[in-house]
Amino acid sequence: MDGIVEKIRQIGIVPVVALDDDKQAVPLAKALVEGGLSAIEVTFRTDAAEQAIRRIVEQVPDMLVGAGTVLTTQQADRAIAAGAQFIVSPGFNPSVVRHVLARGICMMPGTATPGEMEQAMELGLKVVKFFPAEQNGGVAKLKALAGPYTNLQWMPTGGIRAENLADYLSFDKVVACGGTWIAKKELIKAENWGEIRHLAEQAVTAMLGFEVSHVGINTDNPQQAEETARILGAMFGFSMTQGNSSIFVDGKNVEIMKRPGLGKNGHIAISTNTLARAIPYFRNRGIAFREETISAKAAYFKDEIAGFAIHLVQK
Ligand code: 3PG
């Protein structure tokens with residue numbers, strides 16, 4: 001169960017979908033995976049849910065498939081039989097929670113109040129859905145709730161869009177955000193897989209928040225670094241800040257290395273909102289890292305680009 005939560009945390013966003021036709025499940029799942037999202041919550045709001053889950057589990061093995069809007073133990077059993085790896089419900093129903101946990105499956109019931117959260121904890125849950133998140137006070141309310149419940153974590157859902165996603169995900173008690181904004185019902189009906197893939201990419205971009213952080217320039221020795229920094233400073237009036245292995249110029253924008261660092265010419269640092277999610281995101285796309293460089297704060301990619309080593313840094 002913990003392994004499933006960790007996968008959900010890495011993916012960061014769980015598209016919530018309702019399908020009228022189970023034949024749409026596989027192209028939908030493929031569009032989401034191509035867009036960078038390998039988790040899906042198929043809701044029991046339609047009769048197609050069970051068969052849709054089965055099809056995705058069988059035909060899109062990269063996808064982590066859960067069932068949503070599970071209101072009864074019978075629906076939970078049907079979802080699990082179809083291969084669902086996690087179960088989500090809009091509200092807190094102790095008999096459904098007990099039943100799913102007894103079957104050894106990850107369960108995230110909806111909660112909105114401290115009372116419901118305490119009951120969930122009493123049943124042994126460490127992660128619950130916060131629903132509907134925006135309407136219940138959003139991330140500010142969640143932070144207030146997290147004060148007393150130090151061991152609880154949340155998957156907020158309801159009113160989450162690309163615009164407010166990063167606010168939720170930047171709170172470390174948020175495992176992932178769920179929502180219908182990526183695979184909207186009309187888009188599924190119209191089989192507009194291209195737009196769904198685009199919205200998935202947009203959500204991933206908002207989550208990861210890549211920005212160029214600084215450019216690093218290699219030099220052979222501290223004297224050369226000093227000279228390079230001095231020239232840039234004299235030409236543009238940039239500030240210079242001495243570090244142990246480099247000199248930063250213009251705030252933190254340019255880093256002049258005192259010895260040849262990684263990369264033929266130097267390095268480019270790209271910052272991200274969430275290094276822990278960015279690393280699996282690139283790995284899933286077949287882009288490798290120099291394993292020995294990975295830390296909680298930074299990671300270098302295996303390949304250089306135009307003579308520059310590229311590294312990701314946590315914002
Ligand atoms: C859910 O069931 O989780 C919600 O309907 C999702 O809310 P949203 O439509 O605002 O994303």
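**Close-up 1. Polar contacts of the ligand with T180, K129 and G159**. An N or O atom in the side chain of T180 is 2.5 Å from an oxygen atom of the ligand. This is a predicted model, in which local features need pLDDT of at least 70, side-chain atom pairs count only at pLDDT 80 or more, and totals for chains, interfaces and linings use all residues. Residues are numbered from 1 along each chain as its sequence is written, and side-chain values use heavy atoms, with hydrogens and water left out. K129 places a polar side-chain atom 3.0 Å from a ligand oxygen atom, and a backbone N or O atom of G159 lies 2.7 Å from a ligand oxygen atom. A polar contact is a pair of N or O atoms within 3.5 Å.

**Close-up 2. Surroundings of the ligand**. Around the ligand are R45, K129, F131, T157, G158, G159, R161, G179 and T180, each with a heavy atom within 4 Å of the ligand.

**Close-up 3. Helix 8 (residues 162-169) against helix 10 (residues 193-208)**. The two axes, lines fitted to C-alpha atoms over the stretch in contact, come within 8 Å and cross at roughly 40°. That makes helix 8 oblique to helix 10 (neither under 35 degrees, nor over 145, nor 65 to 115). A162, L165, A166 and L169 of helix 8 meet Q202, A203, A206 and M207 of helix 10 (heavy atoms within 4.5 Å). Seven of these residues are nonpolar, one is polar and none is charged.

**Close-up 4. Helix 2 (residues 25-34) against helix 10**. Their axes come within 8 Å and cross at roughly 35°. P27, L28, A31, L32 and E34 of helix 2 make the contact with W193, I196, R197, A200 and E201 of helix 10.

Methods: Axes fitted to C-alpha atoms, helices over the stretch in contact; angles between N-to-C directions. Helix = DSSP H or I, 4+ residues; strand = E, 2+ residues; numbered from the N terminus. Nonpolar A, V, L, I, M, F, W, Y, C, P; charged D, E, K, R; others polar. Polar contact = N/O pair within 3.5 Å; in protein donor to acceptor, adjacent residues only side chain to side chain.
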